[in-house]
Structures are given as C-alpha cells and as structure tokens.
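Here is a friendly tour of one protein model. Keep the sequence and the 3D view open as you read, and try to find each part as it comes up.

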Amino acid sequence: TIYNCNVIEFPKIHNRAGNITPLNGLTDIPFEIKRVYYLYDVPGGETRGGHAHHNLYQLIIAVSGSFDVVLDDGKNKKTITLNRPNYGLYIIPGIWRDLVNFSSGSVLLVLASEKYDEKDYIRDYPQFLHLKND
Ligand code: TYD
C-alpha cells in the first residue's frame, strides 16, 4: 500500500564549500540500482508519471527544485512534496504515481531496481484498479 512508500533521509556531508549526499545501493537504498534516469526541462503546469509498475522499485529525489508525487494504491491517495536533495521517496511495485507541480528548473532523479521494460508498466488507470481489486 502507499503506507509502505516512505521518505528516506540520506546523509549530508556538509562543509563551507557545499554538500555531498552519497547513495549506496542496498545500504542507503533498499534495492540494487540497475538504472538511473532524470527528468528535467519539464514545462510549467505539465504533469508526468501517470502509471504504475508490476515489479519495479524506485527511489525519487528532487536533486534541484521541487515537485509533488501523488501516490495511489487503488484505495488511498497521498501527496508527498519533495524539495530537498537529501531526501528520497521510496516507491514499491503496484503504486500509481502522478508527478505534478514541478518548480521551474527542477530536476527529478530516479534510481530504479530494473532496466527499462515497457511490459512492466500499467498505464491504464481502470486496468490498474482492476488489478488492485481482485
Ligand atoms: P515514462 O516512464 O512514461 O515517463 P514519466 O513517468 O516520467 O512521465 O517514459 C516516457 C518515455 O520515455 C516512454 O516512451 C519510454 C521512455 N523511457 C525509456 O526509454 N527508458 C527509460 O528508462 C524511461 C524511464 C523512459
């Protein structure tokens, strides 16, 4: 359920010259990272996401700027605002997500447990609800 998707705080190595946040697969992040991608140049007012996954685990980070992630498990919804580079949202399989309210210049980093596979996507919302409710 959405209550198993939590925000994780990562270490911040801070000095007068700035910050570093390291992310180690399997220790800082609950899965082995097989893919990294990032979303950027999202036009104002645009929404992304709009799908769920069968098997994919993801960790989403606002490395710059901010946006909201709307999580939906077919029963409950919850909106999480990401706006700090040392926090990440862990999303388990079977959760519908919409990405909204991108600030201008924001960068959304995704760490993923699997390589890209279109067959792993559920892009039809009625089909998602059907899968969740049987
Ligand atoms: P999608 O995951 O639907 O984007 P978002 O959830 O950010 O709105 O992907 C958009 C397109 O990009 C889709 O046609 C597939 C392609 N894509 C890849 O080829 N490889 C990838 O790793 C990802 C994430 C997307």
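## Strands that pair

Two strands count as a pair if DSSP finds at least two bridges between them. Keep that rule in mind, and remember that this is a predicted model.

With that rule, look at strand S6 (residues 58-64) and S9: they pair in the antiparallel sense over four bridges. Which residue in S9 is the bridge partner of Gln 58? The partner of Gln 58 there is Ile 91. Right beside this, Leu 59 faces Tyr 90 in S9.

S6 also pairs with S11: the two run antiparallel and are joined by six bridges. Here Ile 60 has Val 110 in S11 as its bridge partner. S9 (residues 87-91), for its part, pairs with strand S1 (residues 7-9) as well, in the antiparallel sense and over three bridges. In that pairing, Glu 9 stands opposite Tyr 87.

## The overall picture

Now zoom out. The protein contains one helix and twelve strands. Reading from the N terminus on, the elements run β-β-β-β-β-β-β-β-β-β-β-β-α.

How far does the C-alpha trace span along its principal axes? The answer is about 55 × 35 × 25 Å. A compact globule with 134 residues would have a radius of gyration near 14 Å, and the 15 Å of this protein agrees with that. Buried residues account for 18% of the 134 residues. Among contacts with a separation of 6 or more, 75% are between residues 24 or more positions apart.

## An open sheet

Five strands make up an open sheet, and their order is S8-S7-S10-S5-S12, with antiparallel pairing. Which strands are at the edges? They are strand S8 (77-82) and S12, each of which pairs on one side only.

Inside this sheet, you can follow S5 and strand S10 (residues 96-100), which pair in the antiparallel sense over three bridges. Arg 48 has Leu 99 in S10 as its bridge partner.

## The nonpolar core

Next, turn to the largest nonpolar core, which has 18 residues. Ile 60, Leu 82, Leu 89 and Ile 95 are the ones with the most contacts inside this core. At least two core residues come from each of S6, strand S7 (67-72), S9 and S11. S6 gives the largest share, four residues.

Is S6 itself enclosed or open? Five of its seven residues are buried, so S6 is largely enclosed by the rest of the structure. Ile 95 is a good residue to click on too: leaving out residues up to four places away in sequence, Ile 95 touches Ile 2, Cys 5, Ala 52, Leu 71, Asp 72 and Asp 73.

## Around the ligand

Which residues are around the ligand? They are Arg 35, Tyr 37, Leu 39, Arg 48, Gly 49, His 51 and Tyr 116. Strand S4 (35-39) and strand S5 (48-53) are the elements that each give two or more residues to this shell. By class, the shell has three nonpolar, two polar and two charged residues. You have already met one of these residues: Arg 48 is the bridge partner of Leu 99 in S10.

## Three loop residues

Finally, visit some loops. Leu 26 lies in the loop between strand S3 (18-20) and S4. Is Leu 26 buried or exposed? Only 12 or fewer other C-beta atoms within 10 Å make a residue exposed; Leu 26 has 9, so this residue is exposed. Leu 26 also has a positive phi of about 75°, although it is not a glycine.

Asn 101 lies in the loop between S10 and S11. Its phi is near 60°, again a positive value in a residue other than glycine. Asn 101 counts as partly exposed because it has 16 C-beta neighbours inside 10 Å.

Asp 117 is in the loop between strand S11 (107-112) and strand S12 (121-122). With 12 other C-beta atoms within 10 Å, Asp 117 is exposed. How far apart in space are Asp 117 and Leu 131? They are 19 Å apart, C-alpha to C-alpha, and 14 residues apart in sequence.

Key: Residues are numbered from 1 along each chain as its sequence is written. This is a predicted model: local features need pLDDT of at least 70, side-chain atom pairs count only at pLDDT 80 or more; totals for chains, interfaces and linings use all residues. A residue is buried if 20 or more other C-beta atoms lie within 10 Å of its own, exposed if 12 or fewer, and partly exposed in between; C-beta atoms are placed from the backbone. A residue is near a molecule or strand if its C-beta atom, placed from the backbone, lies within 6 Å of it. Ala, Val, Leu, Ile, Met, Phe, Trp, Tyr, Cys and Pro count as nonpolar, Asp, Glu, Lys and Arg as charged, and the others, Gly among them, as polar. A nonpolar core is a set of buried Ala, Val, Leu, Ile, Met, Phe, Trp, Tyr and Cys residues joined through C-beta atoms within 7 Å. Two residues are in contact if their C-beta atoms, placed from the backbone, lie within 7 Å. The radius of gyration is taken over C-alpha atoms; the globule rule is 2.2 Å times the number of residues to the power 0.38.
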